[in-house]
Amino acid sequence: MKFFVDTAEVSEIRALAEIGMVDGVTTNPSLIAKSGRKMAEVIAEICELTPGHVSAEVTATDYEGMLAEGRYLRDIAKNVAVKVPLTEAGLRTCRALSNEGTPVNVTLCFSATQALLAAKAGATYISPFVGRLDDLAQDGMQLIADVMQIYGNYPHLKTEVLVASVRHPLHMLQAAKLGAHVATLPPAVIRQLIKHPLTDRGLEAFLADWKKTGQSIL
């Protein structure tokens with residue numbers, strides 16, 4: 001399973017890359033805005049930190065605008081994946097860019113039928129938003145199960161399921177059990193995955209016992 005980091009903060013990406021937790025990065029206009037920097041500058045810097053795909057999202061809503069922005073974004077670095085919304089214009093843009101050999105991440109997916117359309121349009125990734133469905137008292141992980149089943153029924157579909165809007169470690173556990181190809185995680189959630197109270201307690205006990213020996217490894 002690939003771990004993408006859902007942030008535009010370069011320092012966070014660099015720190016997580018040092019422990020092998022960055023197979024790619026996802027950004028969106030909101031995350032870029034929080035960075036306070038120019039989009040092209042941020043995307044270029046992030047692309048240098050990972051050989052994996054870095055999603056850069058268009059902000060136009062019409063086909064011509066999306067296509068122009070997508071072509072501009074893909075030229076920033078060879079590992080940019082252009083991110084488009086799951087709208088009719090977005091699917092048309094996805095098909096055009098995919099036919100040109102550009103990786104495309106179709107985002108804001110909230111139904112399995114939307115995911116099927118994205119795959120038929122040639123998407124490299126589909127991004128179902130599990131946390132936002134949970135917020136509406138719907139089962140976000142059921143969407144992942146449905147998409148994985150549908151894609152599994154048609155092996156010629158090569159679109160990877162990229163679980164997005166991940167809010168907590170349970171989302172991650174369920175996504176991995178369902179066989180999702182990718183999950184994009186905020187840095188804080190990745191760090192939550194590392195933590196366990198029994199790990200902390202066990203380490204404290206080991207160190208206390210070692211201290212009693214008066215020894216030093218070095």
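V84 has V106 as its bridge partner in β5. The chain gets from β4 to β5 by way of helix α5 (residues 88-99), in a right-handed β-α-β crossover. The model is predicted.

**Pairing of β4**

Strand β4 covers residues 80-85 and β5 covers residues 104-109; the two run parallel, joined by 4 bridges. P85 also faces a residue of β5, standing opposite T107. On the β3 side, 4 bridges link β3 to β4, again in parallel. There, V54 stands opposite V80 of β4. The connection from β3 to β4 runs through helix α4 (residues 63-74), and this β-α-β crossover is right-handed.

| Strands | Bridges | Direction | Citation |
|---|---|---|---|
| β3 and β4 | 4 bridges | parallel | |
| β4 and β5 | 4 bridges | parallel | |

**Burial of β4**

How many residues of β4 are buried? The count is 6 of the 6, so the rest of the structure largely encloses this strand. In a regular strand, side chains alternate between the two faces of the sheet. Both faces of β4 are covered. V80, V82 and V84 are buried on one side. A81, K83 and P85 are buried on the other.

Helix α3 (residues 39-47) lies across β2 (24-26), β3 (54-57) and β4. Its direction is at about 170° to β3.

**The barrel**

Strand β4 belongs to a closed barrel of 8 strands, in the order β1-β2-β3-β4-β5-β6-β7-β8, with parallel pairing. From one strand to the next, the twist averages 30°.

How values were computed: Residues numbered from 1 in each chain as written. Predicted model: local features only at pLDDT ≥ 70, side-chain atom pairs only at ≥ 80, totals over all residues. Heavy atoms only, no water. Pairing = 2+ DSSP bridges. Axes fitted to C-alpha atoms, helices over the stretch in contact; angles between N-to-C directions. Contact = heavy atoms within 4.5 Å. Buried < 20%, exposed > 50% of the residue type's maximum accessible area, 1.4 Å probe, protein only. Right-handed = clockwise from strand over helix to strand, strands pointing away.
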